[in-house]
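Good morning, everyone. Please look at the screen, and we will walk through one chain together.

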Amino acid sequence: DHPSKGTVKIRVGLHSGPVVADVVGVRNPRYCLFGDTVATASKMEQHSKEGAILCSAECAAHLRVQAPGIFLEQREETE
């Protein structure tokens, strides 16, 4: 609400699928996700426009079942 504080422009990529999770590191442990699902979501985020959420067909199918009130707009396919 206050432009003087700056703005945030985000891009989001969503994909549904299997992942492996683990805590990595001893001195500075971090919770990490691994797998093709994470890589796909990352690629989708990179191809998304600022201020947009790009989700895969798999994720959209889950959203249609679990949250039918959410508006989904189909876009052109990305590589």
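Let's begin with a question. Leaving aside its neighbours within four places in sequence, which residues is Glu50 in contact with? The answer is Lys9, Ile10 and Arg11. Please keep in mind that this is a predicted model.

Now, where is Glu50? Find the loop between H1 and E4. Glu50 sits in that loop. Glu50 counts as exposed, because its relative accessible area is 56%, and exposed means over 50%. Now look at Ile10. Glu50 and Ile10 are 40 residues apart along the chain. Their C-alpha atoms are separated by 5.6 Å.

Let's step back to the whole chain. Count the elements with me. There are two helices and four strands. Read along the sequence, they give the pattern β-β-β-α-β-α. The chain is more spread out than a compact globule, because its radius of gyration is 16 Å, well over the 12 Å that the globule rule gives for 79 residues. The C-alpha trace spans about 40 × 40 × 25 Å along its principal axes.

What share of the 79 residues is buried? It is 11%. The accessible surface of the chain is about 6900 Å². Carbon and sulfur atoms hold 53% of that surface.

Next, contacts across the sequence. Take the contacts with a separation of 6 or more. Of these, 53% join residues 24 or more positions apart.

Back to the loop after helix H1. Ser48 is found there, between helix H1 (36-47) and strand E4 (52-55). Is Ser48 buried or exposed? Ser48 is buried, because its relative accessible area is 9%, and buried means under 20%. What does Ser48 touch, not counting residues up to four places away in sequence? It touches Arg11, Val12, Ile53 and Leu54. So Arg11 has come up twice: Glu50 is in contact with Arg11, and Ser48 touches Arg11.

Arg11 has another partner. How many salt bridges are there? The count comes to one. The side chains of Glu45 and Arg11 form it, at 3.0 Å from N to O. Glu45 lies in helix H1 and Arg11 lies in strand E1, so the pair ties together parts that are 34 residues apart in sequence. Both residues are partly exposed: Glu45 has 23% relative accessibility, and Arg11 has 37%.

On to the cysteines. How many disulfides are there? The count is zero. Why does Cys55 have no bond to Cys59? The sulfur of Cys55 is 4.6 Å from the sulfur of Cys59, and that is too far for a bond. A disulfide needs the two sulfur atoms within 2.5 Å. Cys59 holds the closest cysteine sulfur to Cys55.

Stay with Cys55 for a moment. Cys55 is found in strand E4. Cys55 is partly exposed, with a relative accessible area of 24%. Leaving out residues up to four places away in sequence, Cys55 touches Leu14, Met44, Ala60 and Leu63. Now compare its place with that of Gln74. Cys55 and Gln74 are 19 residues apart along the chain. Their C-alpha atoms are separated by 9.5 Å. One more cysteine: Cys32 is partly exposed, with a relative accessible area of 23%.

Now go to the segment after helix H2 (57-66). Leu72 has its place there. Leu72 is partly exposed, at 25% relative accessible area. What does Leu72 touch, not counting residues up to four places away in sequence? Leu72 touches Ala60, Leu63 and Arg64. Ala60 and Leu63 were among the contacts of Cys55 too. Val8 is another matter. Leu72 and Val8 are 64 residues apart along the chain, and their C-alpha atoms are separated by 23 Å.

Last stop, the surface. Which residues form a nonpolar patch there? They are Val19, Val23, Tyr31, Leu33 and Val38. Together they have about 460 Å² of accessible area. Pick out Val19. Val19 is in the loop between strand E1 (11-14) and strand E2 (20-24). Val19 counts as partly exposed, at 40% relative accessibility.

Let me recap. The chain has two helices and four strands. Glu45 and Arg11 meet in a salt bridge. The disulfide count is zero. And a nonpolar patch lies on the surface. Thank you.

How values were computed: Residues are numbered from 1 along each chain as its sequence is written. This is a predicted model: local features need pLDDT of at least 70, side-chain atom pairs count only at pLDDT 80 or more; totals for chains, interfaces and linings use all residues. Side-chain values use heavy atoms; hydrogens and water are left out. Patches are made of residues with over 30% relative accessible area and no salt bridge: like charges are joined within 9 Å, nonpolar side chains (Val, Leu, Ile, Met, Phe, Trp, Tyr) within 5 Å. Accessible areas come from the Shrake-Rupley method with a 1.4 Å probe; for residues, only the protein chains shown count as cover. A salt bridge is a side-chain nitrogen of Lys or Arg within 4 Å of a carboxyl oxygen of Asp or Glu. Buried means under 20% relative accessible area, exposed over 50%, partly exposed in between (1.4 Å probe, protein chains only). The radius of gyration is taken over C-alpha atoms; the globule rule is 2.2 Å times the number of residues to the power 0.38. Contact means heavy atoms within 4.5 Å.
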